[in-house]
Amino acid sequence: MPRSLPEALSLLEAHSPELLVMAGGTVAMPLINDGISLPEAVMGLRFAGLDRLERSGDTLRIGATATLTQLLNQDAVPMLREAARNTAGWSIRNMGTVGGNLFTPPPGGDVAVALLALDASVTLASTRGKRVLPIAEFQTGFMTNALAPDELLVEISVPIRSEPTAYLKFGRKHANTPAVVTVAARIEWDGEQVAVARIALGAVGPHPIRARRAEELLVGTGLGAGAIAAAAAAAVEECEPFTDGIATEWYRRKMVGLFVGRALEQLAAGAAGEGR
Amino acid sequence: MNIRGSHTLNAPRASVFAAICDPDVLLGVIPGCREIEQTGDAEYHGLISLRLPGIVGTYRTIVRLVDAEAPSVGKLEGEVEGSLGTIKGLATFRLAESGSGTRIDYEGHAAIGGPLARLDGRFIEGLAASLINQGLRNLDTRLQGDHPARVATDRGQQTRETRA
């Protein structure tokens, strides 16, 4: 149980790759309890001083071990409140961390979907120094990421923006439910035209993904019904859904079209309300 | 577990085949590979360490290249063993010229024993596909003379299919 980041990084350097790093434990402990994971050594990050969540100018800086409850209680980035509110239940949110959510295999990882749409970046640290990556480059595949063996995820930085965002999670229950699909969307306007579009999807790929083709189709449009339909159709094409106990691949793909459409309609209605 | 997929590499077929048989190249492109040694004409022993969410461990690996017909076809027999269990598998790959590059098609199956076998099949298959894709992306980068980490996130041209 290191008491500082330098101590944690030294321990990781000394004991990696056999050292299991744990923050809230909501990913690792079920595997250990089931005898699937048998780590020789475990490092808990709870007292490593990585749990600060603070606004710094136009950026929300989130320590990797800040809990999902802390994320729910901030008001600088409304989409992240919404994402935290839609992730698991109270007990898990009190233990589970924002950093840990980036390691949660699909259909988990609902916070990461919002972070993708918000163009967040992650800071990775080792005894060799720090580096910053766009979050879209952090997750490289199913349960795999860009971390080197001696690196820790230490901070997530989120630009604080004023434009409206949409976050929709569709599950089989109203709350505390794994996602069939999660959609996070954000539009930056240039007058009456879309200048930047972000559409992030959860539970329909090896990790939360951006629907880049759909985003491209929206740029330069007025976010009308035709553009929304085309973007939703593109997202259906480019997602990579899977079948599990929650939903089939076929159903997830159908729901991507529906919920991308709904998220964009929400943003279009908001823009119309502002007189665009 | 069954796995199948394809990937297009930007290098001639003969270079790709040679790289697949070269322990120095394999050490650099296989995700988590710490050591690899050629122990026979076509047999390799290696150590692979993986830091996965909630699961860390080192796995002893033996791979044999059998029925190889350079530069187009090969078969890999492999055994992976660690504290979390064992994986025994067989995979066939075919290399076809595709423009100035090479298309690799692979197909294989594996039997999993020990605690790992209790992990949901979707997890094992998703993970296998993810590691293979990352390895092939690293190989592509290596063949083009770059550093593997630079394009570790480029999804490239790939398709995959896994089924239990």
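Student: What makes strand β4 (residues 59-63) and strand β9 (residues 152-159) of chain A a pair, and in which sense do they run?
Tutor: Two strands are said to pair if DSSP finds at least two bridges between them. β4(A) and β9(A) share 5 bridges and run in the antiparallel sense, so they satisfy that rule. One of the contacts across the pair sets L60(A) against its bridge partner in β9(A), V158(A). This is a predicted model, in which local features need pLDDT of at least 70 and side-chain atom pairs count only at pLDDT 80 or more, whereas totals for chains, interfaces and linings use all residues. Residues are numbered from 1 along each chain as its sequence is written, and chains are lettered from A and ligands numbered from 1 in the order in which they are written.

Student: Which strands form the open sheet in chain A, and in what order?
Tutor: The order is β3-β4-β9-β5-β6, with antiparallel pairing throughout these 5 strands. From one strand to the next the twist averages 25°. Strands, like helices, are DSSP runs numbered from the N terminus (E, at least two residues, for strands; H or I, at least four, for helices). On that basis chain A has 10 helices and 13 strands.

Student: Why do β3 (53-56) and β6 (129-134) of chain A stand at the edges?
Tutor: Each of β3(A) and β6(A) has a single partner strand, so one side of each is left without a neighbour in the sheet. The partner strand β5(A) is joined to β6(A) by 6 bridges in the antiparallel sense, with L124(A) opposite R131(A). A hairpin links β5(A) and β6(A) through 2 residues.

Student: How many residues of β6(A) are buried?
Tutor: The count is 0 among its 6 residues, and β6(A) is hardly covered. A residue is buried if 20 or more other C-beta atoms, placed from the backbone, lie within 10 Å of its own, exposed if 12 or fewer do, and partly exposed in between. Across chain A, 49% of the 276 residues count as buried.

Student: Why does A88(A) count as buried, and why does D119(A) count as partly exposed?
Tutor: A88(A) has 21 C-beta neighbours inside 10 Å and therefore counts as buried. D119(A) has 18 such neighbours inside 10 Å, so D119(A) counts as partly exposed. A88(A) lies in the loop between α4 (78-85) and α5 (90-95) of chain A, and D119(A) in the loop between α7 and β5 of chain A.

Student: What makes the phi of A88(A) and the phi of D119(A) worth a remark?
Tutor: Most residues other than glycine have a negative phi, and most peptide bonds are trans. A88(A) is not a glycine, yet its phi is positive, about 50°. D119(A), also a residue other than glycine, has a positive phi near 55°. As for peptide bonds, the one from S16(A) to P17(A) is cis, with omega near 10°, and P17(A) lies in the loop between α1 and β1 of chain A. The bond from P106(A) to P107(A) is also cis, with omega near 10°.

Student: How do you know that the radius of gyration of chain A agrees with a compact globule?
Tutor: The radius is taken over C-alpha atoms, and the globule rule is 2.2 Å times the number of residues to the power 0.38. For 276 residues the expected value is near 19 Å; chain A has 19 Å, which agrees.

Student: How do you know that the span of helix α3 (residues 121-143) of chain B agrees with expectation?
Tutor: The expected span is 1.5 Å times one less than the number of residues. The 23 residues of α3(B) should therefore span 33 Å, and the end C-alpha atoms are 33 Å apart, in agreement. In α3(B), 18 of the 23 residues are buried, and the helix is mostly covered. Just after α3(B), G145(B) takes a positive phi of about 85°.

Student: How many residues does each chain give to the contact between A and B?
Tutor: Chain A gives 28 residues and chain B gives 24, a contact being two residues whose C-beta atoms, placed from the backbone, lie within 7 Å. On chain A, the elements giving two or more residues are β1 (19-22), α2 (28-33) and β7 (139-141). The residues on that side comprise 18 nonpolar, 6 polar and 4 charged. Here Ala, Val, Leu, Ile, Met, Phe, Trp, Tyr, Cys and Pro count as nonpolar, Asp, Glu, Lys and Arg as charged, and the others, Gly among them, as polar.

Notes:
Axes fitted to C-alpha atoms, helices over the stretch in contact; angles between N-to-C directions.
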